[in-house]
Amino acid sequence: TPQECLKREDVLAEYEKMCDGYDKMTAAKQVTVETLKSWLDDPNSKVVLLDTRTPAEYEHAVISRDAKLLEPSGAGMALTMASGRALTFNTAVPSKSSIDPEAKVVAYCTAGLRSGFACTSLDRSWNAEVKDRELYSLHGGIIAWVNAGYPVYDPATGEERHEVHAYAHKWGKFVWERPGMKAKF
């Protein structure tokens, strides 16, 4: 109905405003879901995806089965947000040398806050001496990805999932629920 469309537009506008705030807070270089999709679809493009959500979120659905879990620590997020200190992680951080130098490195989370801070922290450590690696945070995170109609997958089986883990109800309300896609929290 027209009223439902208006509500949906209002919710998406609220989500965009929130994500823009996350982008400003983290100062990470952003990539849109459309650009990421084109990179992933291009057989000549190399992309490394870092999923900066919790293991429960990661195990539920990922953008690509090749996504690697890079879980920020809760304490690390709090310190980063409060003081700007480098983010700490609960999982091993890949070394810059372990990633193909031609690959684009894209981090994503639910909405862009954790991935943005992960990018700025990795940028500090990987590019301390020579700035030769671009890191991108997916603007709007996995919610923007599914809202654009792109699929998510079970990381263990590679099967397409029709549900995305939205971390908590606060973010779940931004998932465009429709036949074939719903939010879990």
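Here are legends for four views of this predicted model, from the whole chain down to one residue.

**View 1. The whole chain, with its seven helices and nine strands.** Helices here are DSSP runs of H or I with at least four residues and strands are E runs of at least two, both numbered from the N terminus. Residues are numbered from 1 along each chain as its sequence is written. As this is a predicted model, local features need pLDDT of at least 70, side-chain atom pairs count only at pLDDT 80 or more, and totals for chains, interfaces and linings use all residues, while side-chain values use heavy atoms, with hydrogens and water left out. The C-alpha atoms fit a box of roughly 55 × 40 × 25 Å along the principal axes. A compact globule of 185 residues would come out near 16 Å in radius of gyration, and the chain agrees at 16 Å (taken over C-alpha atoms; the rule is 2.2 Å times the number of residues to the power 0.38). Of the 185 residues, 48% are buried, meaning under 20% relative accessible area with a 1.4 Å probe and protein chains only; exposed is over 50%, and partly exposed lies in between.

**View 2. Helix 2 and what it packs against.** Helix 2 spans residues 33-41, and its buried residues are Val 33, Leu 36 and Trp 39. They sit on the same side of helix 2, because they cover an arc of only 120° around the axis (the arc of the directions from the helix axis to the C-beta atoms). Their packing partners are strand 1 (30-31), strand 2 (47-51), strand 4 (104-108), strand 5 (135-138) and helix 6 (141-147), with contact meaning heavy atoms within 4.5 Å.

**View 3. The two faces of helix 4.** Gly 76, Met 77 and Thr 80 are the buried residues here. Their arc around the axis is only 100°, so they share the same side of helix 4. Helix 5 (113-126) is included in what covers them. Turn to the face away from that buried side and you meet the exposed residues Gly 74, Ala 75 and Ala 82. Just after helix 4, Gly 84 takes a positive phi of about 80°.

**View 4. A closer look at Thr 80 in helix 4.** The helix runs over residues 74-83, and Thr 80 counts as buried because its relative accessibility is 4%. Setting aside neighbours within four places in sequence, Thr 80 is in contact with Arg 85, Ala 86, Leu 87 and Phe 117.
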